[in-house]
Amino acid sequence: MGKKPEKKDTNDSAAGIPDAFKGLLSPKSETSVDSSSSTKQNESYAKIDPPDVEKLGRSSWTLLHLIAATYPETPSNKQQADMKQFLKLFGNFYPCWFCAEDFEKYMTKNEPVTETQDQLGRWLCDAHNEVNVKLGKPKFNCDLWKKRWKDGWDE
């Protein structure tokens, strides 16, 4: 793939956002085309930079674990195939190219297990743990994945 993108030094809140999405940053009024009011509306938004790789990773893992937690306990053959396809496409389009390569390599060595909700949750937990080890973080006990992402902790 390409090299790791460098952060641009800019005050433009849309920096790093693909052109196709820049129109989503400002509210559009169907009745007004006055560009001066549009500029004033844009100034009211916080100037937040696009997420870095750490925030992207945390958000992505949260999404994936919650998808597993809501995946059917006994999915149909179509749902199983769809989940495998989703995970492949997720890796193909993931915005962090080196993370995507690692995820794709993991899936090549460890095909996603989608026969049950528990198997998918554990497969994702194992994938996440591989990243945790690479980053020097502790492994999560995958026996507890449902408590963390579905049922909650007994307290």
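**A walk through an all-helix chain**

Let's start with one residue: Q119 counts as partly exposed, because its relative accessibility is 33%. Anything under 20% would have been called buried, and anything over 50% exposed, so 33% lands in between. Where does Q119 lie? Q119 is part of helix 6. Keep in mind, as you look around, that this is a predicted model.

Now zoom out to the whole protein chain. The protein chain has seven helices and zero strands, so if you read along the sequence you get the pattern α-α-α-α-α-α-α. Of its 155 residues, 25% count as buried. The chain exposes about 11300 Å², and carbon and sulfur atoms supply 54% of that area. What about contacts between residues at least 6 apart in sequence? Of those, 59% join residues at least 24 apart.

You can see this kind of link with Q119 again. Q119 and E73 are 46 residues apart along the chain, but their C-alpha atoms are separated by 9.3 Å.

Next, let's look at how the helices pack. Two packed helices are described by the angle between their axes and the distance between the axes. Take helix 3 (residues 53-70) and helix 6 (residues 117-134): their axes come within 8 Å and cross at roughly 165°. Angles over 145 degrees count as roughly antiparallel, and that is why helix 3 and helix 6 are described as roughly antiparallel to each other. Their crossing is left-handed. Which residues make this contact? On the helix 3 side you'll find W61, L64, H65, A68, A69 and T70. Helix 6 brings Q117, L120, G121, L124, C125, A127, H128 and V131. Sort the residues of this contact by class and you get nine nonpolar, five polar and no charged.

Helix 6 has another partner, helix 5 (residues 97-109). Here the axes are 11 Å apart and the helices pack at an angle of about 130°. Is that roughly antiparallel or oblique? The angle makes helix 5 oblique to helix 6. Helix 5 passes helix 6 in a right-handed crossing. From helix 5, the contact uses D102, F103, Y106, M107 and K109. From helix 6, it uses W123, D126, A127, E130 and K134. The classes in this contact come out as five nonpolar, no polar and five charged residues. If you go back to the contact with helix 3, you'll spot A127 in that list, and A127 turns up in the list for helix 5 too.

Helix 3 also packs against helix 4 (residues 77-93). Their axes come within 13 Å and cross at roughly 175°, which makes helix 3 roughly antiparallel to helix 4. S60, L63, L64 and I67 do the touching from helix 3, while M83, F86, L87 and F90 do so from helix 4. Of the residues in this contact, seven are nonpolar, one is polar and none is charged. L64 is worth a second look: it belongs to this contact with helix 4, and it also belongs to the contact with helix 6.

Let's return to helix 6 for another residue, N129. Is N129 buried or exposed? N129 has a relative accessibility of 5%, so it counts as buried. And what is N129 in contact with, leaving aside its neighbours within four places in sequence? The answer is K139, F140 and C142. N141 gives us a distance to go with that: N129 and N141 are twelve residues apart in sequence and 8.9 Å apart in space, C-alpha to C-alpha.

Our last stop is helix 7 (residues 145-151), where D151 is found. D151 counts as exposed, because its relative accessibility is 56%. The C-alpha atoms of D151 and A69 are separated by 8.7 Å, though these residues are 82 apart along the chain. You've met A69 already, as one of the helix 3 residues in contact with helix 6.

Conventions: Residues numbered from 1 in each chain as written. Predicted model: local features only at pLDDT ≥ 70, side-chain atom pairs only at ≥ 80, totals over all residues. Heavy atoms only, no water. Helix = DSSP H or I, 4+ residues; strand = E, 2+ residues; numbered from the N terminus. Buried < 20%, exposed > 50% of the residue type's maximum accessible area, 1.4 Å probe, protein only. Contact = heavy atoms within 4.5 Å. Areas by Shrake-Rupley, 256 points an atom, 1.4 Å probe, with all protein chains shown as cover. Axes fitted to C-alpha atoms, helices over the stretch in contact; angles between N-to-C directions. Parallel < 35°, antiparallel > 145°, perpendicular 65-115°, else oblique. Left-handed = near helix turned anticlockwise from the far one by under 90°. Nonpolar A, V, L, I, M, F, W, Y, C, P; charged D, E, K, R; others polar.
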